[in-house]
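Trainee: Got a minute to walk through this one with me? I'd like to start with the empty space inside.
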Amino acid sequence: VGITRRSLLVGGVAAAAAPLAAARLHQSGDARAATPPPPRVDSLPDALTRIWVGAPYWANRLADWRLDMGRIQCVATRENAGRTLAVLTRDLNGTNAPATITVRTGTLTSGSGFSGFLIGAGGGMLDYRAAALVQRASGQGGGMLCVYGSDGAVRFRDHTSETGQFGYTELAAASRSGPEPARTTAEDVLLSLEIVPLGAGRSRLVLTASRAADGTLLSTATRDVADTAITGGLALMSSSYPTASAAQFWFRELRAGGARVGVHPERALGPILGTLWSLNGSVFKLTAQLFPIASTEPQTVRLDTRPLGGTTWRARATASIKPGSAALFRVTGWDSTKAWEYRVVHASGTPAEYSYAGTVPADPVSVPELRVGVLNCTIHSFRPLDRASNGKATLPEEHDLGLYTPANLYFPYAELSKNLAAQQPHLIAALGDQFYEDRPTFKSTGVSPDLDFLYRYTLWLWAFRDLTRDRPTIVMTDDHDVLQGNLWGHSGAAAPGGDFNQGGYVLGGATVNLIQRVQCGHDPDPFDPTPVDRGIGVYYCSFRYGGVSFAVLEDRKFKTGDADGVDASGHPFPPSSLQLLGARQQAFLSSWASDAPGLPKVCFSQTLYGCLQTGPSGALLKDFDSNGYPPAARTAALRLLRQAKAIMVSGDQHLASTVRHGIDAATDGPVQMVAPAGGTSFQRWFERGALPNAQGTPNTGDVTDPFGNRMRVLAVANPNVTFARYRQGHATGQALGDRTLKRDGYGLLRVNRASSEFRLEAWGWNVDPLAPGSAPFAGWPVRVPFSAA
Ligand SMILES: [Fe+2]
């Protein structure tokens, strides 16, 4: 049966096409077949079990998929509708050309549901990394499902509905036939999707399930579609349907071929995802981040180096992969006067050997201007991808977001990354909230918290790994990094009843340590590594880089108090009982003040040492999560920072600002910049109009916050709608998704030795700094002479 795609076209009628396609596939396993099967997409190992499926794939979520002895399994046991495994290395381009995609699939756990393909993820409008996140919730850009149901029938289903986000509504087939026996756990089915070009931007989908062993037809259906409906990312999907059931499905031997299939081997990801490193004098520290591999795979990573441009690698150290799938290196005796290339190598000398390389520049001790890029608060998506949500604008100036669109998916921050890279920063400071607990998916009690964390965190590193590969990065954790909305750390205490509003950590000590080790393990050595309560580690430290002395403070860990500042009986906590930095960090700051005299000093910490927020009417708001509280401890901390002559750089607030703090007078304290959020939801405003000693832009000048802290606002970047205007469209909350109405971006600190001054800048995420006339947000740069810090 010498069927060709051309004869399918000429034959034309759908009813004829389906069985012929099945016959062709039947023959494809046969040496005499006229058409060879399409090429394999993966070469997954057959003899191991692990959480990470393999380099061609991105799992939504990490915890919900597994590789088990050559079979890809969906193991989601709760909310197991619409779990996807994105195929990174293939997509469907927009050409009106043929394609064939096949996979073997079967039932792992019986129940009402389906397994099969998701095509057209992102509609061709998304960065491939963002398209890889298409999952449970249907919405704009969600693509189309081509799936095989537990009842034995193949069907096409919609994944773009904004109104029925979990309906997966069946799309009418032009034809459907076959015996359609119900699926069983004993099955091994070949599911094939043939895409036949019809011209004029339209194509025919021929979806066929047949018995893998002998090609016996089980079910087949056809549907004609516009090419635009199927252009974009490709994924496998395992889903319960129509209601919650235990259904889980497996896959193996994914194949894809034809001129419509885009082949992108360079998009393969892992087992090493990326690196973070720091350099402090002769101590070089690096974290190699992996995905969760099998316990039977090599459990170490080797670090090799060579002089920049050299030809011979030298092994420098070996590190074990620890919980969190991170291998931490600490190398002493590093020659920081020279530039080096590095590579981290896993499974060295085996067929699975993998290496990831970068460069370590010489410590730029005499560069005229040292630039620090400041990242924080990256929520990945505004609307969640696993819960129902609404992306409709409620103000005339607001835009509809869609779901799988560039407007809703801030991840992978490609424009922000490109623009920050164009500033050529020497150092990256990621100051907290690298991810959030309810985006892009909700925190789940149904999966390991370690894997839930790793799913969110690996998105961040995937987005920014090209920035962190070739320059040092300092990472700090804030409240959302430990999966809670606010944090009064109480030296590591557990939150009473899991309620963080009463102070303490929600997560157990081991998980907090895992999160800190993965994100901060490569930071310079802690000043005093003694853990706090429950064995939770600390990372506050100082280091030198580029001829600048830096300090890293942990604002939240030792802080006491809670969300309302009153005890259980309603009495305010006595001021003498309240602490912010705690005695240990105060002693550290005293020591740092006298260290490295003559060097410019920069202090990184999580948040603002004041409370800069107003409500819809412009009234000052009191936020106990700001470092305006507790005020006496805030002032004590600022005295120590003034003594050090340090400039302060922070994140957390989502409201970019730069202030001069007051201690005993209005403006006798240090200057602090809060960098813009990279991409976030919750908005804050500071709208006080004309203030004494205004700085030339609105809402600047002298203010006393509700805790009694004085400061002079030097610059502030309010959202592009006032809080009052926002309230007209949003009855409650402070969430805003439309980035045209927000001031998301990044911070840039220039330590300019030529002019002996700091220059603080807040930049918009989508501003090309090299374009003529481009500038930071109005009010910046703020210039602070070293002598006035
Ligand atoms: Fe945040």
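Trainee: So how many cavities of 30 Å³ or more does the count come to?
Mentor: The count comes to three. Keep in mind that this is a predicted model.
Trainee: How much space lies in the largest cavity?
Mentor: About 110 Å³. Its lining includes Trp52, Tyr57, Trp58, Leu85, Phe291 and Tyr455.
Trainee: Which element gives the largest share of that lining?
Mentor: β2 does, with three residues. Both β2 (57-60) and α5 supply at least two residues each.
Trainee: OK, switching to packing. Which residues have the most contacts inside the largest nonpolar core?
Mentor: Those are Trp58, Phe550, Val602 and Phe604, in a core of 159 residues. Helix α5 (residues 449-468) gives the most to this core, 12 residues. Apart from it there's another core of 43 residues, with Leu85 and Phe251 among them.
Trainee: And what does Val602 touch?
Mentor: Leaving out residues up to four places away in sequence, its contacts include Phe550, Trp592, Ile647, Leu749 and Phe758.
Trainee: Now the metal. Which protein donors does the iron ion have?
Mentor: Cys377 (SG), Asp433 (OD), Tyr436 (OH) and His654 (NE2), at 2.0 to 2.6 Å from the ion. Along the sequence, the spacing reads C-x55-D-x2-Y-x217-H.
Trainee: Why is the arrangement around the iron ion irregular?
Mentor: Because the four donor atoms subtend angles of 84 to 157°, whereas a tetrahedral call needs all angles between 85 and 135 degrees.
Trainee: Is Asp433 buried or exposed?
Mentor: Buried, because its relative accessible area is 0%. Tyr436 counts as buried too, at 4%, since the cut-off is under 20%.

Technical notes. Residues are numbered from 1 along each chain as its sequence is written. This is a predicted model: local features need pLDDT of at least 70, side-chain atom pairs count only at pLDDT 80 or more; totals for chains, interfaces and linings use all residues. Side-chain values use heavy atoms; hydrogens and water are left out. A nonpolar core is a set of buried Ala, Val, Leu, Ile, Met, Phe, Trp, Tyr and Cys residues joined through side-chain atoms within 4.5 Å. Buried means under 20% relative accessible area, exposed over 50%, partly exposed in between (1.4 Å probe, protein chains only). Helices (H or I, at least four residues) and strands (E, at least two) are DSSP runs, numbered from the N terminus. Contact means heavy atoms within 4.5 Å. Donors are N, O and S atoms within 2.8 Å of the metal (3.2 Å for Na, K and Ca); water is not among the atoms, so sites may look incomplete. Four donors count as tetrahedral if all angles lie between 85 and 135 degrees; four count as square planar and six as octahedral if opposite donors are over 155 degrees apart and all others between 65 and 115; anything else is irregular. On a 1 Å grid over the protein atoms alone, a cavity is a set of points where a 1.4 Å probe fits but cannot get out, and a pocket is an open set with protein on both sides within 12 Å along at least five of seven lines; lining residues have an atom within 4 Å of a point. Grid points are joined across faces, edges and corners, and a volume is the space filled by probe spheres set on the points.
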